[in-house]
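Biologist: I've just pulled up this model and would like a close look at one part of it. Could you walk me through that part slowly and then show me how the rest is put together?

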Amino acid sequence: MAVLDILTIPDERLKRPAKPVEDVAAVQGFIDDLIETMYVTEDGIGLAATQVGSEHAIIIIDLSEERDSPVAYINPEIVEATGEYIGEEGCLSIPGYRSKVKRFEKVKVTALDREGNPVEVETDDFLAIVLQHEIDHLRGKVFIEHLSMMKQQMALNKVRKMRK
């Protein structure tokens, strides 16, 4: 396994949409790398393949207290979304910046699990927010794009200051 570099804004690769995974067996080692990369962060609970420069449509999520129960979703798609929820979000690609974001309260997501079996997740808890956040990454979108231009600029400035 390897720890991969997590891209930060304004890296243009974060804007590339992911492509569907055709061969699930071929991405198993990459999934392990994504998991390891997420776990070396202090507070990462989700990671999309696009955040490490890959075009694979894969997300990793672990909401467990011990951070030892990762779940991989391959080719995830939101097929239903209802309600409205506003909550604070952060992102490994925008270190040190958090802001309130409007999301759907409840989502239904279809995907393949790590073994390539179809799965359906219907949730209206914190997982719904994390799924939307990570699937946005696969669409080439970071969470600050849900914010005003002023707040987007504040996030970019914060990342630039952290790099110095």
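How many residues does the hairpin that joins E4 to E5 run through?

Modeller: Two caveats before I dig in. This is a predicted model, so local features need pLDDT of at least 70 and side-chain atom pairs count only at pLDDT 80 or more, while totals for chains, interfaces and linings use all residues. Residues are numbered from 1 along each chain as its sequence is written, and side-chain values use heavy atoms, with hydrogens and water left out.

Now your hairpin: it gets from E4 to E5 through 2 residues. Strand E4 covers residues 85-91, and it lines up with E5 in the antiparallel sense over 7 bridges. (Strands pair if DSSP finds at least two bridges between them.) To find one of those bridges on your screen, start at Glu-88 and look across to its partner in E5, Lys-100.

From there, hop over to H3. Strand E5 (94-103) is part of what covers the buried residues of that helix, with contact meaning heavy atoms within 4.5 Å. Helix H3 takes in residues 149-163, 15 residues in total, and spans 21 Å from first C-alpha to last, close to the 21 Å expected at 1.5 Å a residue. (That expectation is 1.5 Å times one less than the number of residues.)

Which residues of H3 are buried? Gln-152, Ala-155, Leu-156 and Val-159 are. They sit on the same side of H3, because they cover an arc of only 95 degrees around the axis, using directions from the helix axis to the C-beta atoms. Buried here is under 20% relative accessible area, exposed is over 50%, and partly exposed is in between (1.4 Å probe, protein chains only). Flip to the face turned away from that buried side and you meet the exposed residues Met-150 and Lys-161. Met-150 has a relative accessible area of 58%. For a sense of distance, Met-150 and Glu-105 lie 45 residues apart in sequence and 25 Å apart in space, C-alpha to C-alpha.

Next, the open sheet. Its 5 strands come in the order E1-E2-E3-E6-E7, with antiparallel pairing. E1 (46-48) and E7 (118-123) are at the edges with a single partner strand each, so one side of each has no neighbour in the sheet. From one strand to the next, the twist averages 35 degrees. Along one edge, E6 (residues 106-112) and E7 run antiparallel over 6 bridges, and Ala-111 has Val-119 of E7 as its bridge partner.

The other two helices pack on this sheet. H1 (residues 28-39) touches E1, E2 (58-61) and E3 (71-82), and its direction makes about 40 degrees with that of E2. H2 (residues 126-138) touches E1, E2, E3, E6 and E7, at about 150 degrees to the direction of E2. Those angles run from 0 to 180 degrees between N-to-C directions, with axes fitted to C-alpha atoms, for helices over the stretch in contact.

Zooming out, the protein chain has 3 helices and 7 strands, counted as DSSP runs (H or I, at least four residues; E, at least two) and numbered from the N terminus. They run α-β-β-β-β-β-β-β-α-α from the N terminus on. Of the 164 residues, 46% count as buried, and the C-alpha atoms fill a box of roughly 40 × 40 × 30 Å along the principal axes. Among contacts with a separation of 6 or more, 66% come from residues 24 or more positions apart.
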